[in-house]
Amino acid sequence: MVDAGFLQRSDYGTDYRRGSLPDWLSDAAQQLDFERVADAVAQARSANEAQRESRRQAWLARQIEVTEGGEGRPNIAGEASSDETFMRLALDQAHNAWALAEVPVGAVVVKDNKILATGFNQPIGNADPTAHAEIRAMRAAAQLLGNYRLNDCELYVTLEPCAMCAGAMQHARIRRLIYGAADTKTGACGSVIDLFAIPKLNHHTKVRGDVLAEESRRLISSFFVERRELKRQGALPADADDCE
């Protein structure tokens, strides 16, 4: 049964009174098959998830082609190619965030050219404002090593770290940071502020940016295009949180 009453705004816009829906709208509402509408919404969401997974698998296939050499072996000949290889793995982690409707940012912690831990953005799902990809990857690496100091480790992340993540890297003594796309809103490696260039700090992480930057930018841009379209279709509430 549909409640035909609603709050009707007064001409002055300062008080409200109980009103009634117009007859034509009330009649139309009574005739709606709500179970059918719910099924249609569920099917649309399922189709969107399937499309995202299909795009993710296609993207992974392309990355494997790029990353592997002619004989199917990873191309890690030098530092530059190694950085791109590990950044592609971070991009893969970012797709995990997208699959959970989180802003697609991924991170990888590496030591001695071996992956220690990975992480992806999940502050919304975890109800945790600190659950950025970098923080989650560093936590996992520290627990694996049994030491919060990650002195000889490198951290790869698809988006320029914020001040929180940059500060955590300083405390962890991350040896080297490699990031993809610059973040002009919250980037703490030079885009907004540069926490790694403050001479008074007792640790200075080496920084390299713009590694596979275009891939990272395109991934985040595609995510927000999809979010806007889902909001337009009504599959997401208009006030859905889009923040990292």
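Is Cys-162 buried or exposed? In this predicted model, Cys-162 is buried, with a relative accessible area of 12%. The cysteines are taken up again below, after the overall fold.

The chain has 7 helices and 7 strands. Read from the N terminus, these elements follow the order β-β-α-α-α-β-β-α-α-β-α-β-β-α. The chain counts 244 residues, and 38% of them are buried. The exposed area of the chain is about 14,200 Å². Carbon and sulfur atoms supply 52% of that area. Among contacts with a separation of 6 or more, 54% join residues 24 or more positions apart.

Helix H3 spans residues 79-99. Leu-91 lies in this helix. Its relative accessible area is 0%, so Leu-91 counts as buried. Leu-91 also illustrates a link between remote parts of the sequence. Leu-91 and Glu-215 are separated by 124 residues in sequence, yet their C-alpha atoms are 8.2 Å apart.

Gln-93 belongs to helix H3 as well. Gln-93 is buried, at a relative accessible area of 12%. Which residues does Gln-93 touch, leaving aside those up to four places away in sequence? They are Gly-106, Ala-107, Thr-118, Gly-119 and Phe-120. Gly-106 and Ala-107 fall within strand S3, which covers residues 106-111.

A loop connects helix H3 to strand S3, and Val-103 sits in that loop. Val-103 is buried despite the loop position. Its relative accessible area is 5%. From Val-103 to Ile-124 the C-alpha distance is 9.3 Å, across 21 residues of sequence.

Helices H5 and H6 form a contacting pair. H5 covers residues 133-145, and H6 covers residues 163-172. Their axes come within 9 Å and cross at roughly 25 degrees. Angles under 35 degrees count as roughly parallel, and H5 and H6 are therefore roughly parallel to each other. The crossing of the two helices is left-handed. On the H5 side, the contact is made by Glu-134, Ile-135 and Met-138. On the H6 side, Met-164, Cys-165, Ala-168, Met-169 and Ala-172 take part.

Which residues of H6 are buried? They are Cys-165, Ala-166, Met-169, Gln-170 and Ala-172. Cys-165, Met-169 and Ala-172 thus appear both among these buried residues and in the contact with H5. The cover over the buried residues of H6 includes H5, strand S5 (153-159) and strand S6 (176-181). Just after H6, Arg-173 adopts a positive phi of about 65 degrees.

The cysteines complete the picture. How many disulfides does the structure hold? The number is 0. Cys-162 is in no disulfide, and the nearest cysteine sulfur belongs to Cys-165, 3.8 Å away. A disulfide requires sulfur atoms within 2.5 Å, so the distance from Cys-162 to Cys-165 does not qualify. Cys-165 is itself one of the buried residues of H6.

Why is Cys-189 not bonded to Cys-162? The sulfur of Cys-189 is 9.4 Å from that of Cys-162, its closest cysteine sulfur, and this is too far for a bond. Cys-189 is buried, because its relative accessible area is 11%, and buried means under 20%. Cys-162, at 12%, is buried by the same cut-off.

Notes: Residues numbered from 1 in each chain as written. Predicted model: local features only at pLDDT ≥ 70, side-chain atom pairs only at ≥ 80, totals over all residues. Heavy atoms only, no water. Buried < 20%, exposed > 50% of the residue type's maximum accessible area, 1.4 Å probe, protein only. Helix = DSSP H or I, 4+ residues; strand = E, 2+ residues; numbered from the N terminus. Contact = heavy atoms within 4.5 Å. Areas by Shrake-Rupley, 256 points an atom, 1.4 Å probe, with all protein chains shown as cover. Axes fitted to C-alpha atoms, helices over the stretch in contact; angles between N-to-C directions. Parallel < 35°, antiparallel > 145°, perpendicular 65-115°, else oblique. Left-handed = near helix turned anticlockwise from the far one by under 90°.
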